[in-house]
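Here is a short guided tour to read with the sequence and the 3D view side by side. It begins in a loop and moves on from there.

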Amino acid sequence: MQKLSPLSLSRKSMKTTLLPVMAISAVFSLSACQQTPDYDYLSGETMGTSYHISYQLPADADEAAIQASIDKRLQQINDSMSTYQADSTISKFNQLGKDIPLTIDADFAHVLDVSRIVYQQSGGAFDPTVMPLVETWGFGSTMTVERLQSPPTALEIAQAKALVDFESIIQKEQSIYKTKDGVGLDFSAVAKGYGVDVIADVLRDDYQIRNYMVEIGGEIATSGVNNQQQPWQIAIDAPIEDSTVSERQTISAIRQPINTDNQMYLATSGNYRNSVIFDGQRYSHTIDPTTGKPIAGGAPSVTVAADSVALADAWATALTAMPYEKALATAKAQDIAALFVVLADEAKTTGSDKNTDQWQVVQTPAMQALRADKQP
């Protein structure tokens with residue numbers, strides 16, 4: 001679970017190859033006589049990752065004002081939910097003892113609500129209080145075989161699990177408190193998605209922009225059409241373990257459906273760049289809060305479409321925190337639009353994952369319905 005870091009904004013041309021899991025794909029052509037509309041591109045750093053924004057400029061656009069509005073909202077989210085900021089709302093809460101209330105802002109309350117919904121519907125697979133287990137296992141940005149060779153003891157895992165207790169987080173109106181000392185929150189697995197939703201709100205509500213794509217760390221919201229006047233299309237990478245951004249292999253794509261609002265909210269969670277093989281079994285850096293141990297046999301890549309990017313982000317995380325068969329069954333039972341990329345049977349026996357032929361795409365009925373218009 002990646003933590004939030006202080007944001008910074010900059011203006012430069014957007015390059016589609018920068019996206020870590022999903023790439024913006026617009027393989028369409030226009031005749032020479034057609035005029036493409038004027039689109040603006042923003043990119044920069046926020047929440048410990050990169051962001052990219054493409055939008056059609058309104059006729060009377062104040063580009064500086066749009067950027068300033070985005071800058072302000074991203075800073076507000078960091079001030080609320082960044083665990084890197086000692087004075088953020090979430091940091092203050094994590095430092096409090098039990099039964100001490102803290103007033104929270106609307107952003108914090110919304111993310112807490114989304115987290116609780118997915119926590120309950122996923123049977124605890126998504127839990128924003130899981131950080132004590134992550135720290136006990138020593139999982140940061142990378143995972144090593146050595147950690148699995150000398151794992152935490154059963155007592156150490158039990159002690160950490162005792163502090164993984166989302167039920168002890170109580171909200172009353174505009175304040176929250178905890179009923180157990182040592183419990184803390186980390187919204188890293190949902191805040192990027194929420195950040196995308198917030199930026200989309202700024203573009204749509206504050207500036208009446210209807211054609212845009214917003215991406216933070218692979219979580220994406222699209223609306224309307226791209227600069228070639230076609231629905232946005234998001235490419236899904238094959239989860240090849242040692243692949244790089246410049247050497248990705250696309251295995252599938254999801255095109256924004258033509259519906260009443262012409263919008264799409266997507267998030268992808270993948271373990272394949274943070275996993276190791278130990279005793280013939282692949283383990284991810286993702287911890288299952290219900291067992292207190294790393295996931296073995298999980299789907300290397302899960303893409304979810306939902307009613308918001310925050311909700312898609314949380315569900316993508318939840319489904320990668322389960323063994324694949326359980327994740328697929330849960331997604332179907334909860335009517336989640338999910339696309340799993342898993343090794344084909346023959347690849348499981350050879351151990352090869354180097355090309356797209358070794359992978360298969362598995363969709364839930366809800367995702368099949370979303371992509372029913374002959375999408376690739």
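Let us start with Asp181, which sits in the loop between strand S7 (175–178) and H7; helices (H or I, at least four residues) and strands (E, at least two) are DSSP runs, numbered from the N terminus. This is a predicted model, in which local features need pLDDT of at least 70 and side-chain atom pairs count only at pLDDT 80 or more, while totals for chains, interfaces and linings use all residues. Residues are numbered from 1 along each chain as its sequence is written, and side-chain values use heavy atoms, with hydrogens and water left out.

**The loop residue Asp181**

With a relative accessibility of 44%, Asp181 counts as partly exposed. Here buried means under 20% relative accessible area, exposed over 50%, and partly exposed in between (1.4 Å probe, protein chains only). Asp181 and Gly97 are 84 residues apart along the chain, yet their C-alpha atoms are separated by 5.3 Å. Apart from neighbours within four places in sequence, Asp181 is in contact (heavy atoms within 4.5 Å) with Gly97, Lys98 and Leu163.

**Three annotated positions**

Which residues does UniProt list under "binding site"? The unreviewed entry gives Ala189, Asp313 and Thr317. They span 129 residues in sequence, but no two of their C-alpha atoms are more than 6.6 Å apart, so they gather at one spot. UniProt positions are given in the numbering used here, feature names are shortened, and annotations may be inferred rather than shown by experiment.

Asp313 belongs to helix H8 (residues 309–320), and Thr317 lies in H8 too. Asp313 is buried, at 4% relative accessibility; Thr317 is also buried, with a relative accessible area of 15%. Not counting residues up to four places away in sequence, Asp313 touches Ala189, Val190, Ala191, Lys192, Gly193, Glu219 and Ala267. With neighbours within four places in sequence left aside, Thr317 is in contact with Phe126, Ala189 and Ser269.

**Polar pairs**

The table gathers three polar pairs. A polar contact is a pair of N or O atoms within 3.5 Å; within protein, one must be able to donate a hydrogen and the other to accept it, and residues adjacent in sequence count only if both atoms are side-chain atoms.

| One partner | Other partner | Distance |
|---|---|---|
| Asp181, side-chain polar atom | Lys98, backbone nitrogen | 2.7 Å |
| Asp313, side-chain polar atom | Gly193, backbone nitrogen | 3.0 Å |
| Thr303, side chain | Thr268, side chain | 2.6 Å |

Thr303, in the last row, has its place in strand S16 (residues 301–305). Is Thr303 buried or exposed? At 0% relative accessibility, Thr303 counts as buried.

**Two helices packed together**

Helix H1 (residues 63–81) packs against helix H7 (residues 188–207) at an angle of about 145°, with their axes 10 Å apart. Axes are lines fitted to C-alpha atoms, for helices over the stretch in contact, and angles run from 0 to 180 degrees between N-to-C directions. Among the residues that meet are Ile66, Ile70 and Leu74 in H1 and Val198, Ile199 and Val202 in H7. The residues of this contact divide into 12 nonpolar, 2 polar and 1 charged, where Ala, Val, Leu, Ile, Met, Phe, Trp, Tyr, Cys and Pro count as nonpolar, Asp, Glu, Lys and Arg as charged, and the others, Gly among them, as polar.

**The chain as a whole**

The secondary structure comes to 11 helices and 18 strands. Of the 376 residues of the chain, 54% count as buried.
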